[in-house]
Amino acid sequence: MTTRVDVAIAGGGIVGLASALKLLERMPGLSVLVLEKEKEVAAHQTGHNSGVIHSGLSYKPGSEKANTCVEGRLLLVDFCRRHGIPHELCGKLVVATSASELPALAELERRAGENGLEGVRALAPAEFRKIEPHAAGLRALHVPATGIVDYRAVSEKLAEVIGSAGGSVWTRARVTALTSTDSGVRLVAGGEEIEAGLAVNCGGLQSDRLAKLDGARPGLRIVPFRGDYHRLVPARAGLVKNLIYPVADPRFPFLGVHFTRRIGGGVEAGPNAVPALAREGYSRTSFDLRDAWDSFTYPGFWRMATRHMGMGLGEIYRSFSKSAFLKALQRLIPDLRAEDLEEGGCGVRAQAMLPDGRLEDDFRIVTHGRAIHVLNAPSPAATASLAIGDRIAARVLAMRS
């Protein structure tokens, strides 16, 4: 038997679920089906991140990351308030620990103004230690709009609301075929045939492969980067009141190891960023032959690796050396000791890489036939998810008209 729907969405992470909700809000009565290959939603990037509600501070003014993060933060907080999801806009410090970082800190302050953030202030040490007594540095930005939430809880509520609005979420429904024609899209998921008027690929770590099933040429490849975390032992969690970040290297879309208080309690430290040997592997020893082959046979990977060899080797060393990880964290909190840290979890970031070795810095969403492919939506996509979903819904409705 063939299932027929107006829109099929491949991927039950937060971007796929947010897109489904926004479609149902814009056009009640639309038949929308979300297909998730795992036994539950938010099983990969969404469920393995640090739970930060990003402010939009770091992103290039005018970029989709900046616009959707600022807009999406407001939508996310409103959704959490309406549905009783625990969250907190606790604020963060971005700390410059050397004179060489002060120009970049000033640039962040300028971007805060252009991105419409309110209340961002540059603070001297005596001032920022009133907020984070154990933080060290020359100067810091206080960003009050940053917050914390459990994105798995958000995703579970999104799935519930989708069901209440007449949509469907299928789990254990891996998409193995996706073919776009002039009149619609044929999919096979979990062994079931599906005919959809339109399809949306929100496959995250598998998004480039789903695009290729459709015959699209994405012009990039997903190269996974693993991020390892440590946790502060409960007796020392008081070293961090909320969130403390370093000044990020502007050459990379990673924010550097930092401290994050979790909405459920405790404090995480990390992550680093190292090439992963498995797109969906959440330990240092995870390995998938196909995933590793796809990364290491991609010319862009070696161009990137050659260009940034020193930084890359340092990240790999820090991944396996607790002392190196500790040293990086002590730049922000000198009082931290080795015994204050215990091993935490891992996350994997789906990072789109171009053939010349550049990392795609902004979100990338393309249309092929009757399918929309979300090919790059790493952090801050969880924060921005409802705004991204709005944009995807607008595209879908325009294609239906």
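Arginine 172 counts as exposed in this predicted model, with a relative accessibility of 60%. The residue sits in the loop that runs between β9 (168-170) and β10, and its backbone deserves a second look: phi is near 55 degrees, a positive value in a residue other than glycine. A positive phi is also found at alanine 42, where the angle is near 60 degrees, again in a residue other than glycine. Alanine 42 belongs to the loop between β2 (32-35) and β3 (52-53). Its surroundings offer a pleasing contrast to those of arginine 172: alanine 42 has 0% relative accessibility and counts as buried, whereas arginine 172 is exposed.

Two cis peptide bonds can be added to these backbone details. One runs from glycine 270 to proline 271, with omega near -5 degrees; proline 271 has its place in the loop between β16 (267-270) and β17. Another joins serine 379 and proline 380, with omega at about 15 degrees. Proline 380 is located in the loop between β20 (371-376) and α11 (381-400).

Turning to the protein as a whole, the secondary structure amounts to eleven helices and 20 strands. For a chain of 401 residues, a compact globule would be expected to have a radius of gyration near 21 Å, and the value found here, 21 Å, agrees. Along the principal axes, the C-alpha atoms occupy a box of roughly 65 × 45 × 35 Å. Buried residues account for 56% of the 401 residues. Contacts reach well along the chain: of those between residues at least 6 apart in sequence, 74% join residues at least 24 apart. The accessible surface is about 16,500 Å², and 53% of this area belongs to carbon and sulfur atoms. As for the charges, the mean positions of the 50 positive and 43 negative ones are 3 Å apart.

Helix α8 (residues 299-307) gives a closer view of packing. Its buried residues are Gly300, Phe301 and Met304. Viewed down the axis of α8, these buried residues fall within an arc of 105 degrees, so they line one face of the helix. The partners against which the buried residues of α8 pack are β13 (221-232), β17 (274-275), α7 (289-296) and β18 (341-353).

Strand β18 also holds arginine 349, a charged residue that is nonetheless buried, at a relative accessible area of 14%. Arginine 349 and histidine 48 are separated by 301 residues in sequence, yet their C-alpha atoms are 9.3 Å apart in space. Glutamate 360 follows in the loop between β18 and β19 (364-368). With 13% relative accessibility, glutamate 360 counts as buried too. Leaving aside residues up to four places away in sequence, glutamate 360 touches Gln351, Ala352, Leu354 and Asn376.

A last example comes from strand β10 (residues 175-180), where leucine 178 lies. Leucine 178 is buried, and its relative accessible area is 1%. Not counting residues up to four places away in sequence, leucine 178 touches Val185, Arg186, Leu187, Leu213, Asp214 and Ala371. Leucine 178 and alanine 211 are 33 residues apart in sequence, while their C-alpha atoms lie 8.2 Å apart in space.

Technical notes: Residues are numbered from 1 along each chain as its sequence is written. This is a predicted model: local features need pLDDT of at least 70, side-chain atom pairs count only at pLDDT 80 or more; totals for chains, interfaces and linings use all residues. Side-chain values use heavy atoms; hydrogens and water are left out. Buried means under 20% relative accessible area, exposed over 50%, partly exposed in between (1.4 Å probe, protein chains only). Helices (H or I, at least four residues) and strands (E, at least two) are DSSP runs, numbered from the N terminus. The arc is that of the directions from the helix axis to the C-beta atoms. Contact means heavy atoms within 4.5 Å. The radius of gyration is taken over C-alpha atoms; the globule rule is 2.2 Å times the number of residues to the power 0.38. Accessible areas come from the Shrake-Rupley method with a 1.4 Å probe; for residues, only the protein chains shown count as cover. The place of a charge is taken as NZ of Lys, CZ of Arg, CG of Asp or CD of Glu.
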